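Student: I have a model open and would like to learn how to read its features one at a time. Where should we begin?

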Amino acid sequence: MYIPELDHPTYHLAMAQFDQAAEAMNLDHQYRDRLKTPQRALMVGLPIKMDDGQVKVFMGYRVQHDSARGPFKGGIRYHQDVNLGEISALAMWMTWKTAIAGVPYGGAKGGIRVNPHELSLSELERLTRRYAAEIFPLISPDRDIPAPDIGTNAQIMAWFMDTYSEQVGYAVPGCVTGKPLAIGGSLGREEATGRGVAKVTLEALQHRGIRIDDTTVVVQGFGNVGSHTARIMKEAGATIIGISDVSGGVFNAKGLDIPSILHDHTNGMPLSEMNVGDHVTNEELLQLECTVLVPAALSEQITVKNAADIRCQILTEAANGPTTLGADAILQDRNVFIIPDILANSGGVIVYYFEWVQDGQRFFWKESDIHERLHDIITAAFHRTLFFSQEKNTSMRMAALMNGIDQVAQAHNLRGLYP
Ligand code: NAD
């Protein structure tokens, strides 16, 4: 079914991956159109009074892809390029991600087409509150639970939670995750995605028989996910030889001092201004010879144009959709072990699940419990996927997709078709 509003490269990538997996698993045709079409999509116009007194209208979206396995779950993105197609693709990936991790959620995603860096704090608050009010009918701890994504953070979740709570008349911490600790957030959340990325990478190294002291790592993107991944991989004994941010990258064959770089970076110094190694562009960084490459910035970074120049043994996809379909085939041919995004970066949603459970119980866990439970869930998901890929003689990406799709199709089959 062609829906013109969905036209977007990320959407086409998600659909092409789905088609490939559905074909490989010979998925019953009754599920194919159902799983390719979002269950519900809402577009909202958001008129906001700017600080100078003018009224500007922003477009907001919430796409609920599938809820056969549980309430919808997915982040809210504030970015100037957001559109319905991109949000729909990300919502679909959330459905597979929650199924692969085995957390009882469906998949959703939301966003506002805005550059949040161009707004004052009070404009950002008004925009968030208006968005929360407009999508309010779709949200609740049992129905759909948003979270932060690119361009949003714990403060934005706090405004969202407050707006929701004011509408119903009492505090509802569980209506959103990724909140500050003081209003029902979870310990261990900040580093959860990076920790999960590091955990699955360590499992992959063991699977490939590579010793941690012989492991070199390159990370593209030194934000939340990339910086924690680099820190935890270094703590595990790997040598981090390259990192980058939007300003460019640095390379040092002897290894980078991640804690000290992190300290300066957190204080606002871009990597391009640091004197810690040779300066490289983001394109050159991706082509460095290393054991593990971790794209942790944007989608579609590894394409047919540069796939042949990628020189890693393991590619851990921390970002969503960093590898195009064509590039994926080239890397598979070259025997690169790819840990797909829907598995690699699932640490974030796993700890959001813990936050939601804690909010529901009104009982909060120790940080060591969070780390341990995250480790157990993501390691088990990695080994289920690896087992499936070996059994079906297919890639980790196809195994993850087929496993995720199969679980969602099974849930639909058991629940039947309403009415
Ligand atoms: P972030 O904003 O904290 O960090 C992004 C990093 O990428 C920054 O260092 C930025 O400078 C860098 N960057 C931006 N443009 C770049 C470019 N053109 N080239 C190289 N680097 C560039 O974001 P994040 O939360 O770390 O998310 C990174 C990726 O991981 C995104 O794709 C996101 O969707 C995905 N992800 C994040 C989470 C999470 O919990 N934060 C969970 C799942 C997936």
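Tutor: Begin with a single residue, proline 419, which sits in the segment after H14. The model is a predicted one.

Student: What joins tyrosine 418 and proline 419?

Tutor: Tyrosine 418 and proline 419 are joined by a cis peptide bond, and its omega is about 5 degrees.

Student: Which residues other than glycine should I look at for a positive phi?

Tutor: One of them is asparagine 335, whose phi is near 65 degrees. Asparagine 335 belongs to the loop between helix H10 (325-333) and strand E12 (337-339). Arginine 362 is not a glycine either, and has a positive phi of about 55 degrees. Arginine 362 is found in the loop that runs between helix H12 (347-361) and helix H13 (367-392).

Student: Next, sheets. How do I read one?

Tutor: Strands in a sheet pair by backbone hydrogen bonds, in either a parallel or an antiparallel sense. In this model, one open sheet has seven strands in the order E9-E8-E7-E6-E10-E11-E12, and its pairing is mixed.

Student: Why is one side of E9 and of E12 left without a neighbour in the sheet?

Tutor: E9 and E12 stand at the edges and each has a single partner strand, so one side of each has no neighbour there. On average, neighbouring strands of this sheet are turned by 20 degrees against each other, with direction ignored.

Student: How many bridges link E7 and E8, and in which sense do they pair?

Tutor: Strand E7 (residues 239-245) pairs with strand E8 (residues 248-251) over four bridges, in the antiparallel sense. A hairpin of two residues connects E7 to E8. To find the register, look at aspartate 245, which stands opposite glycine 248 in E8. E8 is also joined to strand E9 (residues 278-280) by three bridges, and these two run antiparallel. There, glycine 249 has valine 280 of E9 as its bridge partner.

Student: And in which sense do E11 and E12 pair?

Tutor: Strand E11 (residues 314-316) and E12 pair in the parallel sense, over three bridges. Threonine 316 stands opposite isoleucine 339 in E12. Helix H6 (residues 192-208) packs on this sheet and touches strand E10 (292-295), E11 and E12. The direction of H6 makes about 155 degrees with that of E12.

Student: What is the order of the strands in the sheet of five?

Tutor: That open sheet follows the order E1-E2-E4-E3-E5, with mixed pairing. Strand E1 (40-49) and strand E5 (144-148) are its edge strands, each pairing on one side only. Neighbouring strands in this sheet are turned against each other by 20 degrees on average, direction ignored. For a pair to inspect, take strand E3 (residues 72-79) and strand E4 (residues 107-113), which pair in the parallel sense over four bridges. Arginine 77 lies opposite glycine 111 in E4.

Student: How do I describe two helices that pack together?

Tutor: Packed helices are described by the angle between their axes and by the distance between those axes. Here, the axes of helix H1 (residues 9-24) and helix H3 (residues 84-101) come within 7 Å and cross at roughly 35 degrees. The crossing of H1 past H3 is left-handed.

Student: Which residues of H1 and H3 make the contact?

Tutor: H1 contributes Thr10, Tyr11, Leu13, Ala14, Met15, Gln17 and Phe18, while H3 contributes Gly85, Glu86, Ser88, Ala89, Met92, Trp93 and Trp96. By class, the residues of this contact of H1 with H3 are nine nonpolar, four polar and one charged.

Student: Last, pockets. How is empty space found?

Tutor: Rolling a probe the size of a water molecule over the atoms shows where empty space remains. In this model, the second largest pocket has a volume of about 310 Å³.

Student: Which residues lie nearest the centre of the second largest pocket?

Tutor: The lining has 14 residues, and those nearest the centre are Arg34, Gln39, His412, Gly416 and Leu417. Strand E2 (55-66) and helix H14 (396-415) are the elements that give two or more residues to this lining. H14 gives the most, with three residues. The classes in the lining are five nonpolar, six polar and three charged residues.

Conventions:
Residues numbered from 1 in each chain as written. Predicted model: local features only at pLDDT ≥ 70, side-chain atom pairs only at ≥ 80, totals over all residues. Heavy atoms only, no water. Pairing = 2+ DSSP bridges. Axes fitted to C-alpha atoms, helices over the stretch in contact; angles between N-to-C directions. Left-handed = near helix turned anticlockwise from the far one by under 90°. Contact = heavy atoms within 4.5 Å. Nonpolar A, V, L, I, M, F, W, Y, C, P; charged D, E, K, R; others polar. 1 Å grid on protein atoms, 1.4 Å probe; cavity = no way out; pocket = protein on both sides within 12 Å on 5 of 7 lines; lining within 4 Å. Points joined across faces, edges and corners; volume = space filled by probe spheres on them.
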